[in-house]
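Me: I'm new to reading protein models. Could you walk me through one, feature by feature?

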Amino acid sequence: CQALTDVKIENGIRTLGESTFLECDFLTEIELPDSITSIGFSLFWHCKNLSCVQSGKHTLKIERDAFFGCQNLTKVQIPSCVRSVSRNAFKDTPLEVPDSDGFHIVDGKILLSYSGDQQQIHIPEGIVAIAEGAFLNNRDIRSVVCPDTLLGIGKKAFQNCDRLQRIQLHSGLTLIESSAFENCRQLKDIRLPDTLTALGDR
């Protein structure tokens, strides 16, 4: 679809197939309807001129490689209900740039990764989802305080953080995906809030 420049998606459509807009080089912006609940696998893969995306109000999940290689993507409006973000969802986009504290954050709501070296981490208020592998293999962190706004912790988010001893979770968290704390050998105690509705293995 290299000549595609404009897309209108009617409200009522709930899912879009994987790689639907793959390499649509002339697509510059898109508005997804409120009925969309998931931004699918490689949906906008290498749409190199895509600069602005407005997600629907009921989007819960952003799948792997959804915006991979969108090298001009500078603005994404994310609803506050997103709770699951898979690996490389925003890989090789300008949105990967960290803030002054080392947090890589999209639209103030999704924590993609952390490149700082602090031992005590306070995840910023407003974050609703910690993406897959956000702190993977981090050997610096000892404690993490999550914000009240957090809804979901992604797969392998803290996997192999072998010095992590404490994490503070709050009411409102609904999802912890598989292997989120795998091989956190020093994590002795974790209190799960009663709002949790889905818990992955390990």
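**Reading the pocket, sheets and cysteines**

Reply: Let's begin with a lining: by class, the largest pocket has 5 nonpolar, 4 polar and 5 charged residues around it. Here Ala, Val, Leu, Ile, Met, Phe, Trp, Tyr, Cys and Pro count as nonpolar, Asp, Glu, Lys and Arg as charged, and the others, Gly among them, as polar. Keep in mind that this is a predicted model, where local features need pLDDT of at least 70 and side-chain atom pairs count only at pLDDT 80 or more, while totals for chains, interfaces and linings use all residues. Residues are numbered from 1 along each chain as its sequence is written, and side-chain values use heavy atoms, with hydrogens and water left out.

Me: What volume does the largest pocket have, and which residues lie nearest its centre?

Reply: The general idea: rolling a probe the size of a water molecule over the atoms shows where empty space is left. On a 1 Å grid over the protein atoms alone, using a 1.4 Å probe, a pocket is an open set of points with protein on both sides within 12 Å along at least five of seven lines, and lining residues have an atom within 4 Å of a point. Points are joined across faces, edges and corners, and the volume is the space filled by probe spheres set on them. In this model, the largest pocket comes to about 280 Å³. It has 14 lining residues, with Arg87, Asn88, Leu112, Glu132 and Gly133 nearest the centre.

Me: Is Arg87 buried or exposed, or partly exposed?

Reply: Buried means under 20% relative accessible area, exposed over 50%, and partly exposed in between (1.4 Å probe, protein chains only). Arg87 has 41%, so it's partly exposed. You'll find Arg87 in the loop between E6 and E7. Asp92 also sits in the loop between strand E6 (84–85) and strand E7 (103–106), and at 43% Asp92 is partly exposed.

Me: How do I read a sheet, and which strands stand at the edges in the one with E1?

Reply: Strands of a sheet pair through backbone hydrogen bonds, either parallel or antiparallel. Strands are DSSP runs (E, at least two residues), numbered from the N terminus, and two of them pair if DSSP finds at least two bridges between them. One open sheet here has 3 strands in the order E1-E3-E5, paired in parallel. Strand E1 (29–31) and strand E5 (75–77) are the edges: each has a single partner strand, so one side of each is left without a neighbour in the sheet. Strand E3 (residues 52–54) is joined to E5 by 3 bridges, and Gln54 has Gln77 as its bridge partner in E5.

Me: What is the order of the other open sheet, the one with E9?

Reply: That order is E9-E11-E13, 3 strands with parallel pairing. Strand E9 (120–122) and strand E13 (166–168) are its edges, each pairing on one side only. Between E9 and strand E11 (residues 143–145) there are 3 bridges, and Ile121 has Val144 as its bridge partner in E11.

Me: How many disulfides does the structure hold?

Reply: A disulfide is a pair of cysteine sulfur atoms within 2.5 Å, and the structure holds 0. For Cys47, the closest cysteine sulfur is in Cys24, 4.9 Å away, which is too far for a bond. Cys184 is in no disulfide either, as the nearest cysteine sulfur, in Cys161, is 5.2 Å away. Cys47 is buried, at 0% relative accessibility, and Cys184 is buried at 8%.

Conventions:
Helix = DSSP H or I, 4+ residues; strand = E, 2+ residues; numbered from the N terminus.
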